[in-house]
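Let's take a walk through a protein model, one piece at a time. Keep the picture open while you read.

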Amino acid sequence: MPSFPQPGSLTLCEINRDLITAQSVSDDQAKEAYGKILGTVFTPIQYQLDHSTPDTPIEPPVNGISRLLKRFVAPNDVKLLTHVDIRCVSWHQTKDILAFASGRNQVTVRDYGDSGEGKDPCILTNDLQREVKVIEWRPNAGKTLSVGCKGGICIWTASYPGNTACVRPGVTSGTLSRGSGIRWTLVDFLKSHDNEQISALSWSPDGRYVASASYESSSFTIWDVAQGVGTPIRRGLGGISLLKWSPTGDYFFAAKFDGTFYLWETNTWTSEPWSSTSGFVTGASWDPDGRMIAVSFSDSLTLGSIHFASKPPSLDAHLLPVELPELNSLTNSGGIEKIAWDGSGERLAVSYKDGNDLYKGLIALYDIKRATLITPSLIGFIRGPGDDIKPLTFSFHHKYKQGPLLSVCWSSGVCITYPLVIRSHLPA
């Protein structure tokens with residue numbers, strides 16, 4: 001039977017398909033649940049939910065883009081904007097460092113590695129960093145973080161004593177750092193066209209290029225970060241909501257708010273358009289091998305799985321349904337809000353809109369088997385802290401040695417990390 005967290009309880013972790021709950025989230029509870037196994041505890045991080053300014057109405061973080069998006073959707077469809085995949089939490093690819101948008105114009109970085117328990121988080125702020133919408137660590141570049149915001153992309157790099165980060169000429173650096181030995185420096189600002197709001201980011205796996213898009217633009221841009229030069233890819237792609245580079249770099253996925261999405265091969269940058277009858281794409285995650293991508297839709301509880309029929313650069317692919325029957329029978333939801341697939345391919349997290357009183361605001365966690373097809377098996381549901389809350393955004397740490405880590409920013413104003421301890425990841 002899938003694990004269900006009773007009202008009033010809180011999820012702490014997974015231990016071999018069993019989701020452990022407690023009455024409160026505390027370090028003592030976490031040490032008892034998983035600390036003895038992992039040798040560490042991931043302390044929750046509080047953050048400020050109010051993303052407003054004096055001249056801006058107070059809006060929940062997931063609604064903060066609605067004013068800018070109205071030009072792309074009819075007035076009756078504004079409610080759909082609450083389900084945009086704004087990825088405001090990100091784990092470093094190889095290090096135990098978590099970053100998330102903790103305010104309208106700021107990012108919090110928490111290093112759990114190197115005996116990081118007890119360290120204060122760093123708060124990254126700068127006058128150039130306004131209206132944070134998406135963040136992602138740069139691969140193969142040490143500790144370098146990209147932040148998509150109003151007007152462009154902020155590139156932050158960690159500075160150490162004797163190893164000062166190199167700042168591109170013309171960039172005014174600055175950071176507010178509390179209690180950490182590492183100082184973060186704004187080393188570059190990739191300025192978007194016409195001061196557009198950056199709402200989607202994705203790095204190439206080699207860390208050389210970053211793709212960015214704005215729901216205000218008719219194109220997306222591929223940046224050569226070392227040169228600071230961006231090349232627009234213009235194909236009438238107005239209203240882009242999501243970008244995802246494949247793990248091998250051979251393919252690239254782009255989705256629009258009108259329900260269409262595109263598969264690109266990155267050798268010649270040619271594409272194949274697809275369309276959906278189940279609403280627009282709310283989430284997309286590649287499998288570890290980059291040969292299939294799971295896609296969720298706003299008006300469906302069935303995932304799509306796109307499988308490539310031959311090797312790159314071929315764009316021949318098949319879209320197959322991935323049924324999540326328990327989600328339909330238990331939650332009474334009308335569609336999926338977000339998905340995240342961990343880098344080992346073993347765990348899939350799914351959030352859904354609305355739902356009945358019992359299952360509302362939870363995250364469904366699945367065990368995934370991959371052969372020719374994706375086969376999901378429901379482990380259970382994750383409940384966050386507070387009453388009448390929902391997950392705003394979540395992301396996996398793909399390389400943690402004892403199993404995936406799932407970090408969730410909850411609407412109650414706390415970011416919690418859930419270790420998913422899987423027996424196959426533990427030493428014999």
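In which sense do strand E5 and E6 pair, and over how many bridges? Strand E5 (residues 97–103) and E6 run antiparallel to each other, with six bridges between them. Keep in mind as you look that this is a predicted model.

**Around strand E6**

To get from E5 to E6, follow the hairpin, which takes two residues to make the join. One place to see the pairing is leucine 98, which sits opposite arginine 110 in E6. E6 (residues 106–111) is mostly covered, with five of its six residues buried. E6 also pairs with strand E7 (residues 122–124), again in the antiparallel sense, over three bridges. Here threonine 108 has isoleucine 123 in E7 as its bridge partner. If you wonder what holds such neighbours together, strands of a sheet pair through backbone hydrogen bonds.

Here are the antiparallel pairs of this tour side by side:

| Strand pair | Bridges | Sense |
|---|---|---|
| E5 (residues 97–103) and E6 | six bridges | antiparallel |
| E6 and E7 (residues 122–124) | three bridges | antiparallel |
| E21 and E22 (residues 292–297) | five bridges | antiparallel |

**A four-stranded sheet**

The last row of the table takes us to an open sheet of four strands, in the order E21-E22-E23-E24, with antiparallel pairing. Its edges are strand E21 (281–286) and strand E24 (317–322), each of which pairs on one side only. From one strand to the next, the twist averages 25°. Within this sheet, serine 285 has alanine 294 in E22 as its bridge partner.

Aromatic rings turn up here too. The structure holds 22 aromatic pairs, and one of them is tryptophan 286 with phenylalanine 308, stacked at 6.1 Å centre to centre with 5° between the planes. Tryptophan 286 lies in strand E21 and phenylalanine 308 in strand E23 (residues 303–308), so the pair ties together parts that are 22 residues apart in sequence. Both tryptophan 286 and phenylalanine 308 are buried.

**Helix H1**

Now find helix H1 (residues 27–38). H1 has 12 residues, yet its end C-alpha atoms are only 13 Å apart, short of the 16 Å a straight helix would reach at 1.5 Å a residue. Which residues of H1 are buried? They are Ala30, Ala33, Tyr34, Gly35 and Leu38. Looking down the axis of H1, you'd find these buried residues within an arc of 155°, so they line one face of the helix. They pack against strand E1 (10–15), strand E2 (18–22) and strand E31 (414–421). Over on the other side of H1, Asp28, Glu32 and Lys36 are exposed. Just after H1 comes glycine 39, with a positive phi of about 80°. Tyr34 also belongs to an aromatic cluster with Phe42, Trp91, Tyr112 and Tyr400.

**Cysteine 149**

Is cysteine 149, in strand E9 (residues 144–149), buried or exposed? Cysteine 149 is buried, with a relative accessible area of 0%. Beyond its neighbours within four places in sequence, cysteine 149 is in contact with several residues, including Leu128, Cys154, Phe189 and Ile198. Serine 199 is 50 residues away from cysteine 149 in sequence, but their C-alpha atoms are 7.2 Å apart in space.

**Stepping back**

Overall, the protein has three helices and 31 strands. Of its 428 residues, 58% count as buried. Among contacts with a separation of 6 or more, 51% come from residues 24 or more positions apart.

Methods
Residues are numbered from 1 along each chain as its sequence is written. This is a predicted model: local features need pLDDT of at least 70, side-chain atom pairs count only at pLDDT 80 or more; totals for chains, interfaces and linings use all residues. Side-chain values use heavy atoms; hydrogens and water are left out. The expected span of a helix is 1.5 Å times one less than its number of residues. Buried means under 20% relative accessible area, exposed over 50%, partly exposed in between (1.4 Å probe, protein chains only). The arc is that of the directions from the helix axis to the C-beta atoms. Contact means heavy atoms within 4.5 Å. Two strands pair if DSSP finds at least two bridges between them. Axes are lines fitted to C-alpha atoms, for helices over the stretch in contact, and angles run from 0 to 180 degrees between N-to-C directions. Rings of Phe, Tyr and Trp (its six-membered ring) pair if their centres lie within 6.5 Å; planes under 30 degrees apart count as stacked, over 60 as edge-to-face and the rest as tilted.
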